[in-house]
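Here is a short report on one protein chain. Please keep the sequence and the structure in view while reading.

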Amino acid sequence: MPHILIVEDETIIRSALRRLLERNQYQVSEAGSVQEAQERFSIPTFDLIVSDLRLPGAPGTELIKLGQGTPVLIMTSYASLRSAVDSMKMGAVDYIAKPFDHDEMLQAVARILRDRQSAPAASEAAPAKSANGSGKSAIDNSNGEIGIIGSCPPMQDLYGKIRKVAPTDSNVLIQGESGTGKELVARALHNLSKRAKAPMISVNCAAIPESLIESELFGHEKGAFTGASAGRAGLVEAADGGTLFLDEIGELPLEAQARLLRVLQEGEIRRVGSVQSQKVDVRLIAATHRDLKSLAKIGQFREDLYYRLHVIALKLPALRERGADVNEIANAFLARQSARINRTDLKFAADAEQAIRHYSWPGNVRELENAVERAVILSESPEISADLLGIDIELGDLEDDEFIGLPAQQPGNASNSSHEPTEDLSLEDYFQHFVLEHQDHMTETELARKLGVSRKCLWERRQRLGIPRRKTGVASES
């Protein structure tokens with residue numbers, strides 16, 4: 001079981017983070033300062049250190065040196081984002097902004113621990129001479145250095161393009177369905193580039209309220225708008241010298257698109273409320289599941305920005321198009337989840353392997369990971385049956401895993417009306433009906449909570465089903 005050290009001086013945050021990690025099968029120790037951590041623990045013995053940047057006494061970055069190679073994940077507020085980027089240059093493995101989303105924290109922790117486990121294996125592999133005497137190891141001819149599982153022909157073609165594109169500074173547009181792993185491709189492009197030692201700043205354009213997106217990306221000056229009590233650097237500025245990854249760029253408002261175009265054309269930004277421009281050196285990688293060219297034709301996306309982004313386009317195949325890769329990925333997820341709960345006897349039964357291979361996986365790799373995690377948790381025997389995966393081969397176009405928390409229909413419930421869905425409706429129909437029925441008097445957060453999904457999942461499903469988000473009334477929360 002991985003052992004994680006939390007260093008955070010705010011007791012509430014430290015306790016909440018400890019509970020979150022312990023619920024996910026991590027062993028956790030905690031301290032309120034660097035000094036306390038030194039006095040109580042042997043810091044290099046931990047698998048990961050999660051530390052606040054600003055601590056009483058020494059800053060969290062001191063743990064980078066004290067850890068002697070132990071990865072350090074820095075927590076910081078958006079207001080001190082520049083300092084977080086500086087901490088990465090000092091050796092922090094990554095940073096996460098507070099207040100953080102629980103899923104975001106767990107994903108970051110899992111990724112860092114996974115990378116740490118794979119690093120020794122990679123370093124132990126001596127480079128073998130190839131037939132042409134190039135001295136490249138066998139891993140250099142696979143996808144090992146890219147960090148993506150799978151060897152089907154479409155993915156091999158993608159790996160080849162990544163290797164060619166990564167060393168350049170060209171803008172890249174990654175296209176593919178939700179859940180296919182577009183951020184993994186972006187991270188591979190960054191890690192294989194000459195900017196690898198500089199930060200990669202990832203931004204989900206769909207997750208930031210439209211009223212704040214320009215300020216978040218480009219920063220603002222004090223007094224630029226109500227609530228701007230101090231000037232702040234934006235995420236583009238924080239990525240200076242590194243890579244800026246804009247996920248779901250199709251959701252970027254037109255005004256922000258115009259500012260982004262200036263970054264690409266002139267290499268400079270101007271904070272909201274400022275008359276001064278400043279130079280930035282960023283490589284832009286964008287991703288979307290939407291057809292930007294079609295959006296440009298109807299005026300929902302700037303055509304000039306589209307052509308600036310479309311210098312190099314990489315297409316990620318859907319999981320259903322990747323053949324035997326799906327079983328390879330499922331086994332990798334099984335190994336990871338088994339390690340979390342200290343079980344080494346788990347394996348897929350024959351019917352589960354068949355189900356994994358033939359299910360259409362509309363939610364792609366993300367849905368597969370959720371299904372495997374659920375099966376591992378519920379499994380009472382060494383063999384995981386198809387039933388535990390929670391998928392229906394005959395209804396492969398439904399993302400059942402996203403609807404675990406759908407509210408049950410209670411007989412006599414006051415909210416039931418002639419418009420309530422019946423038992424015969426599919427999950428897709430239920431979702432659409434529930435959102436249309438309640439979005440006038442519920443916020444997006446309340447809708448997501450009632451449906452048992454995240455706000456991002458709610459947004460993605462709205463996009464797929466063509467359900468517009470109400471711009472006025474209670475549902476238009478900021």
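A crossing is left-handed if the near helix is turned anticlockwise from the far one by less than a right angle, and right-handed if clockwise. By that rule, the crossing of α6 and α7 is right-handed. The model described here is a predicted one.

## The chain overall

The protein chain carries 19 helices and 14 strands. It has 478 residues, and 48% of them count as buried. Contacts reach far along the sequence. Among those between residues at least 6 apart, 67% join residues at least 24 apart.

## Helices α6 and α7

Helix α6 spans residues 153-165 and helix α7 spans residues 182-191. The two pack at an angle of about 40°, and their axes lie 9 Å apart. That angle makes α6 oblique to α7. Roughly parallel would require an angle under 35 degrees.

Which residues of α6 meet α7? Leu158, Ile162 and Val165 do, and their counterparts in α7 are Val185, Ala188 and Leu189. By class, this contact has 6 nonpolar residues, no polar ones and no charged ones. An α-helix has 3.6 residues a turn, so residues three or four places apart point the same way.

Helix α7 is mostly covered, with 7 of its 10 residues buried. The buried residues are Lys182, Val185, Ala186, Arg187, Ala188, Leu189 and His190. Val185, Ala188 and Leu189 are thus on the buried list and also in the contact with α6.

## The five-stranded sheet

An open sheet of 5 strands has the order β7-β8-β11-β6-β12, and its pairing is parallel. Strands β7 (200-204) and β12 stand at the edges. Each has a single partner strand, so one side of each is left without a neighbour in the sheet. The twist averages 20° from one strand to the next.

Helix α7 lies across β6, β7, β8, β11 and β12. It runs at about 150° to β6. Angles over 145 degrees count as roughly antiparallel.

## Strand β6 and its partners

In a regular strand the side chains alternate between the two faces of the sheet. In β6 (residues 172-175), Val172 and Ile174 point one way. Leu173 and Gln175 point the other way. All of these residues are buried.

Strands of a sheet pair through backbone hydrogen bonds, either parallel or antiparallel. Strand β6 is joined to β11 (residues 283-288) by 4 bridges, and these two strands run parallel. It also pairs with β12 (residues 312-315) in the parallel sense, over 4 bridges. Where does Gln175 sit in these pairings? It stands opposite Thr288 in β11, and its bridge partner in β12 is Lys315.

Strand β11 also pairs with β8 (residues 243-247), in the parallel sense and over 4 bridges. There, Thr243 of β8 stands opposite Arg283 of β11.

## Two residues with positive phi

Gln68 has a positive phi of about 50°, although it is not a glycine. It lies in the loop between α3 (62-66) and β4 (72-77). Gln68 is exposed, with a relative accessible area of 65%.

Trp361 also has a positive phi, near 45°, and is likewise a residue other than glycine. It lies in the loop between α14 (350-358) and α15 (364-378). Is Trp361 buried or exposed? Trp361 is buried, with a relative accessible area of 0%.

## Arg271 and Asp387

Arg271 lies in the loop between β9 (268-269) and β10 (278-279). At 16% relative accessibility, it counts as buried, because buried means under 20%. Which residues does Arg271 contact, leaving aside its neighbours within four places in sequence? They are Phe218, Gly219, His220, Glu221, Gly231, Arg232, Ala233, Glu237, Arg259 and Gln278.

Asp387 is placed in helix α16 (residues 386-389). At 70% relative accessibility, Asp387 counts as exposed, because the cut-off for exposed is over 50%. Asp351 lies 36 residues away from Asp387 along the chain, and their C-alpha atoms are separated by 8.9 Å.

Terms used
Residues are numbered from 1 along each chain as its sequence is written. This is a predicted model: local features need pLDDT of at least 70, side-chain atom pairs count only at pLDDT 80 or more; totals for chains, interfaces and linings use all residues. Side-chain values use heavy atoms; hydrogens and water are left out. Axes are lines fitted to C-alpha atoms, for helices over the stretch in contact, and angles run from 0 to 180 degrees between N-to-C directions. Angles under 35 degrees count as roughly parallel, over 145 as roughly antiparallel, 65 to 115 as roughly perpendicular and the rest as oblique. Contact means heavy atoms within 4.5 Å. Ala, Val, Leu, Ile, Met, Phe, Trp, Tyr, Cys and Pro count as nonpolar, Asp, Glu, Lys and Arg as charged, and the others, Gly among them, as polar. Buried means under 20% relative accessible area, exposed over 50%, partly exposed in between (1.4 Å probe, protein chains only). Two strands pair if DSSP finds at least two bridges between them.
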